[in-house]
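Visitor: I should like a close look at the side chains of this protein, above all at the aromatic rings and the cysteines. Please take me through the residues around them as well.

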Amino acid sequence: TESGNKTNNALLLDNLSTEVFCDGVTFESDGPQFAIFLEGGSLKGAKAKNTGTGGGIGIYDSTNYTDSAVDCQAYSTGTGGDGIYVHRGNIINCYGYSNASHGIRNGGASENLMTNCVGESDGDSGIKVAGGARVQGCHGFSTSGVGIEASGGTFANIVESSGYSSNGAGVDLRTGGNYWNVHGVSDSGGAGISIINGSGDIKLGKSTAQANADAAVYILNNNASVDINGLEAYSLYDNTDGNALEINGSSTERITITDSVLKVTNAGANCLYAASSKNLNYLRNTFKGATVAVNTNITQYNNNVPDN
């Protein structure tokens with residue numbers, strides 16, 4: 001709870017109605033709580049460092065969404081803790097790093113706003129967003145997890161943002177929502193964009209996905225709809241497993257892919273692939289690089305418009 005976090009902080013803003021300017025000031029902690037904790041108040045220009053088990057900056061207001069951190073940096077370099085964690089509130093032009101947890105974690109309250117932020121992690125997701133949050137112009141980087149992860153809750157909005165991972169999916173979408181102009185890149189260990197639909201309908205538009213050692217896009221859909229339009233998916237994996245887009249799950253007939261470009265490096269891979277018999281809606285797409293563009297396990301579920 002928020003009360004449990006209001007101890008052993010280098011800086012605590014509690015029930016303030018003003019903005020505190022901290023340009024050039026660094027607040028350090030080696031304890032189990034956040035170096036900087038906000039529960040009522042706004043902070044600008046601060047730098048937080050935690051070398052213990054706690055996080056850098058925590059924003060937790062149970063009653064409103066006016067708390068904010070602007071132009072701040074936060075580092076968690078101990079054995080745990082997020083660089084920045086937001087339960088309710090806004091973060092703008094901020095940077096968060098963690099070597100053991102999330103660079104930036106947005107708790108997902110419906111009015112949370114994250115804009116122009118960068119999250120980096122060597123132990124988990126660069127940026128993790130729960131359902132309800134609004135994210136724009138943000139970038140997540142990870143060396144051992146996901147670049148940007150959306151999971152938990154029922155809905156999220158992520159636009160004009162990117163995720164990169166050297167050992168995992170670039171972008172991992174596990175909650176329903178609108179995802180527009182989202183870009184995912186994976187060096188190894190995952191797809192450029194992974195969609196594992198656990199709750200709510202997903203719309204993905206005008207986005208790009210690239211994978212260097214896997215399928216560019218992977219979709220596992222069991223219970224909702226996935227609507228993809230204007231996607232550019234490219235697998236650079238020179239292997240028959242380097243498919244552009246792979247589908248799985250019990251409700252693949254609720255996946256629709258339109259007006260997209262799907263490209264592979266290895267001619268033996270497929271632009272659309274399924275390991276077993278699946279139905280799929282795919283219309284007005286362009287396929288490149290594959291001898292057989294659509295794997296024979298896939299049945300066209302919409303017969304109105306042929307693909308190229």
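Guide: The account that follows turns from the aromatic rings to the cysteines and then to three polar residues. The model is predicted, and the values below are computed from its atoms.

The aromatic rings come first. A search of the whole structure returns two aromatic pairs. In one of them, Phe-34 and Phe-37 are stacked, with 6.0 Å from centre to centre and 25° between the planes. The pair counts as stacked because its angle falls under the limit of 30 degrees. Phe-34 and Phe-37 are both buried. The other pair joins Tyr-75 and Tyr-95, whose rings are tilted, at 5.6 Å centre to centre and 50° between the planes. This pair links distant parts of the chain, 20 residues apart: Tyr-75 belongs to strand E9 (residues 73-76), and Tyr-95 to strand E12 (residues 95-98). Tyr-75 has a relative accessible area of 21% and is therefore partly exposed, since buried means under 20%. A further ring, that of Tyr-234, has the charged end of Lys-263 sitting over it, 4.6 Å from the ring centre.

The cysteines are the next topic. The structure holds zero disulfides. For Cys-22, the closest cysteine sulfur is that of Cys-72, and the 7.4 Å between the two is too far for a bond. Cys-22 is buried, at 6% relative accessibility. Cys-94 is likewise in no disulfide, and its nearest cysteine sulfur, in Cys-72, is 4.7 Å away. That separation does not qualify because a disulfide requires sulfur atoms within 2.5 Å. Cys-94 is buried too, with a relative accessible area of 3%.

Three polar residues complete the view. Ser-101 is located in the loop between E12 and strand E13 (104-106). Although it lies in a loop, Ser-101 is buried, its relative accessible area being 14%. Its side chain makes a polar contact of 2.7 Å with the side chain of Asp-82. Leaving aside residues up to four places away in sequence, Ser-101 touches Asp-82 together with Gly-81, Ser-121, Gly-123, Asp-124 and Ser-125.

Thr-258 is part of strand E30 (residues 255-258) and counts as buried at 8% relative accessibility. A polar contact of 2.8 Å connects the side chain of Thr-258 to the side chain of Asn-229. Beyond four places in sequence, the residues that Thr-258 touches are Ile-228, Asn-229 and Gly-230, along with Leu-283, Arg-284 and Asn-285.

Asn-248 is placed in strand E29 (residues 245-248). With 31% relative accessibility, Asn-248 counts as partly exposed. Ile-219 is 29 residues away from Asn-248 along the chain, yet the C-alpha atoms of the two are separated by 6.1 Å. Ile-219 is also one of the residues that Asn-248 touches. With residues up to four places away in sequence set aside, the others are Tyr-218, Leu-220, Asn-221 and Lys-278.

Technical notes: Residues numbered from 1 in each chain as written. Predicted model: local features only at pLDDT ≥ 70, side-chain atom pairs only at ≥ 80, totals over all residues. Heavy atoms only, no water. Phe/Tyr/Trp six-rings, centres within 6.5 Å; stacked < 30°, edge-to-face > 60°. Buried < 20%, exposed > 50% of the residue type's maximum accessible area, 1.4 Å probe, protein only. Helix = DSSP H or I, 4+ residues; strand = E, 2+ residues; numbered from the N terminus. Lys NZ or Arg CZ within 6 Å of the ring centre and 35° of its normal. Contact = heavy atoms within 4.5 Å. Polar contact = N/O pair within 3.5 Å; in protein donor to acceptor, adjacent residues only side chain to side chain.
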